[in-house]
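Okay, thanks for coming, everyone. I'll put the model up and then walk through the parts I found worth talking about.

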Amino acid sequence: MTNYVKTSALALLLASLGLAAQATCTDGTVVQSIRLEGLKHTNPRVVERELVNREGEPFTAEKFEAEKLRLQDLDLFTEVSVSCEKAGEPAEPGLVKLTYSFKEIFRWIPAPAGKKTDRDGLMLGAALANINVAGEDIRLEVQYRTTVDPFFDKNEAAFYASSPYLFGLPLGWNFEFLLTDSYDNIRDFQEKSILLDLDLEYKFLPHLSLLGTAAYRRLRDFANLPELGLGFAFDYRDSKLDTRDGVYFEYMLTHVGAGEEYLACSANIESDEPVETESRFCNTDNGENYWELLTDARAYKTFGRFVTGATALVRYRPGDVKFYDYYYHGGANTFRGHEADSGSLGTHEALLTLEERFVLLERRAASVMGVNFFYGVQLVAGLDGSLLWDKGRPGWDNYEGAVYGGVHLVIPALDRIRFEVGYSPDRGEPVFYFGLFDKVTSSRWRSR
């Protein structure tokens, strides 16, 4: 019995010493070494380049919170935690060994693919994605989707690839290849198109990035449309996903088209229609030639569980813009006051939103049958403002306003699933909306 008591006492003493060692992970203790645990499919350098606490420097909880948000932005982990133990000789007090622990999200996502766009309505299909190719935070995804009412009336196939780094450089890239065969009932034409798009972001200062875009679109029976753009972005957000504090400002200048006459001629030649011209150019009017000046501003502030966000997306396009590229407003991805229709079209646009989010359930990790993921729940309410116009400056006749509310489910890969109800006094009836991604993201590309 005495031996048992002694053993128990020794165990309690060792446990208390262990707890004391964990408690020494306080601000000012110098990091002697860093160890990473739980990385089964992720290359350690993917994590190391996001860390703020470093060997030989004092540990601070503030640094850990910053790096934790950066690691969560990778969308690779359901859990990120840090622990520490005393290190060094008694003559060298204040040294600690840090251990970062991770639980990875599932890599392969074979699943049904569905979306509801403002233009095409509900579409269903199949998708296969790998969100961490070769452990290098490279995402690849293939998709096929079609409408359900009626089936196969509108079809879409896509390939996506992206990563925040290129060969170890802070050069984020996003590539998209999209095939579309769909009747556009908003702009009233049959879209048979090919899109190739490459977007680049070079982060040469902690909060300042240079942006570039190059794209090619082929609209069958209309035009071949090259695009080139340059811009910059100031990013002081605490996190790109589910932002709680900070501001973001982006300015982008893009040129679309290469001269309407040449492009229109190419479209006619490819359709085998006879073309009569006095020169090598065609006198038709299908191609585009315009500039786009884009401003994207966002600001967020958190008070307890309440997150206030204000966003503004403005796109002004001087030049020759054709009907197939008119902006539309209406639906979950633009203006939550009414559905999109042919009566809400314009050359230039401004989308304004003031939103209040209440964090009902903070992000938490979960696992089902060995599949790791995370989820969170937020209640939202806000105001939407919409401006669409063709020439000159917009006036009150070009403005619409709406209120909305709903529930957001925060999840991996898609950022969030949105269930919202909008109401516009001009239309007089509430409308239910279902959307994917944050609206400030989907409004840039209309969830195509």
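Let me start with a quick one: what share of the 448 residues in the protein chain do buried residues make up? It's 44%. And keep in mind that this is a predicted model.

So, the overall picture. We have five helices and 22 strands in the protein chain. If you take contacts between residues at least 6 apart in sequence, 55% of them join residues at least 24 apart.

How far does the predictor trust this? The mean pLDDT of the chain is 85, with 84% of residues at 70 or more. Two stretches to flag, though. Residues 1-24 have pLDDT below 50, and beyond near neighbours in sequence that stretch has nine contacts in the model. Residues 260-264 are also below 50, and there the model has 24 contacts beyond near neighbours in sequence.

Now, the core. In soluble globular proteins, nonpolar side chains tend to be buried together. Here, the largest nonpolar core has 18 residues, and the ones touching the most other members are Val 47, Leu 71, Phe 77, Leu 98 and Phe 102. Which elements give two or more residues to this core? Helix H2, at 44-48, helix H3, at 61-73, and strands S2 and S3. The largest share is from S3, with four residues.

Zoom in on Val 47 for a second. Not counting residues up to four places away in sequence, Val 47 touches Leu 36, Leu 39, Leu 71, Phe 77 and Phe 102. There's also a second, separate core, seven residues, and that one includes Leu 211, Ala 233, Leu 294 and Leu 351.

Okay, aromatics. The structure holds 17 aromatic pairs. Two of our core residues make one of them: the ring centres of Phe 77 and Phe 102 are 4.8 Å apart and the planes sit at 45°, so we call that pair tilted. Why does this pair tie together parts that are 25 residues apart in sequence? Because Phe 77 is in strand S2, residues 77-87, while Phe 102 is in strand S3, residues 95-104. Both Phe 77 and Phe 102 are buried.

Compare that with Phe 189 and Phe 323. This pair is edge-to-face, with 5.6 Å from centre to centre and 85° between the planes. Phe 189 is in strand S9, residues 189-205, and Phe 323 is in the loop between S15 (319-320) and S16 (327-328), so here the pair ties together parts 134 residues apart in sequence. And the two partners don't get the same label for burial: Phe 189 has 6% relative accessibility and counts as buried, whereas Phe 323, at 32%, counts as partly exposed. Phe 189 and Phe 323 also belong to one aromatic cluster, together with Phe 222 and Tyr 324.

While we're on rings, let's do the arginines. Arg 49 lies over the face of Tyr 165, 3.7 Å from the ring centre. Arg 317 does that with Tyr 327, at 3.9 Å from the ring centre. Then there's Arg 145, in strand S6, residues 139-148. Is Arg 145 buried or exposed? With 6% relative accessibility, Arg 145 counts as buried. Its side chain makes a polar contact with the side chain of Gln 143, at 2.8 Å.

Two loop residues and then I'm done. Ser 344 sits in the loop between S16 and strand S17, which is 345-346. Its relative accessible area is 5%, so Ser 344 is buried. What is Ser 344 in contact with, leaving aside neighbours within four places in sequence? Tyr 327, Tyr 328, His 329, His 338, Leu 388, Glu 400 and Arg 427. Tyr 327, you'll recall, is the ring under Arg 317. Also, the C-alpha atoms of Ser 344 and Ile 186 are separated by 8.7 Å, with their positions 158 residues apart along the chain.

The other loop residue is Ala 413, found between strand S20, 399-411, and strand S21, 415-423. At 37% relative accessibility, Ala 413 counts as partly exposed. Outside its neighbours within four places in sequence, Ala 413 is in contact with Asp 75, Ile 109, Arg 139 and Phe 437. For Phe 437, the C-alpha to C-alpha distance from Ala 413 is 9.0 Å, and the two are 24 residues apart in sequence.

That's my tour. Happy to rotate the model if anyone wants another look.

Conventions
Residues are numbered from 1 along each chain as its sequence is written. This is a predicted model: local features need pLDDT of at least 70, side-chain atom pairs count only at pLDDT 80 or more; totals for chains, interfaces and linings use all residues. Side-chain values use heavy atoms; hydrogens and water are left out. Rings of Phe, Tyr and Trp (its six-membered ring) pair if their centres lie within 6.5 Å; planes under 30 degrees apart count as stacked, over 60 as edge-to-face and the rest as tilted. Buried means under 20% relative accessible area, exposed over 50%, partly exposed in between (1.4 Å probe, protein chains only). A charge sits over a ring if NZ of Lys or CZ of Arg is within 6 Å of the ring centre and within 35 degrees of the ring normal. A polar contact is a pair of N or O atoms within 3.5 Å; within protein, one must be able to donate a hydrogen and the other to accept it, and residues adjacent in sequence count only if both atoms are side-chain atoms. pLDDT is the predictor's confidence in each residue, from 0 to 100. Contact means heavy atoms within 4.5 Å. A nonpolar core is a set of buried Ala, Val, Leu, Ile, Met, Phe, Trp, Tyr and Cys residues joined through side-chain atoms within 4.5 Å.
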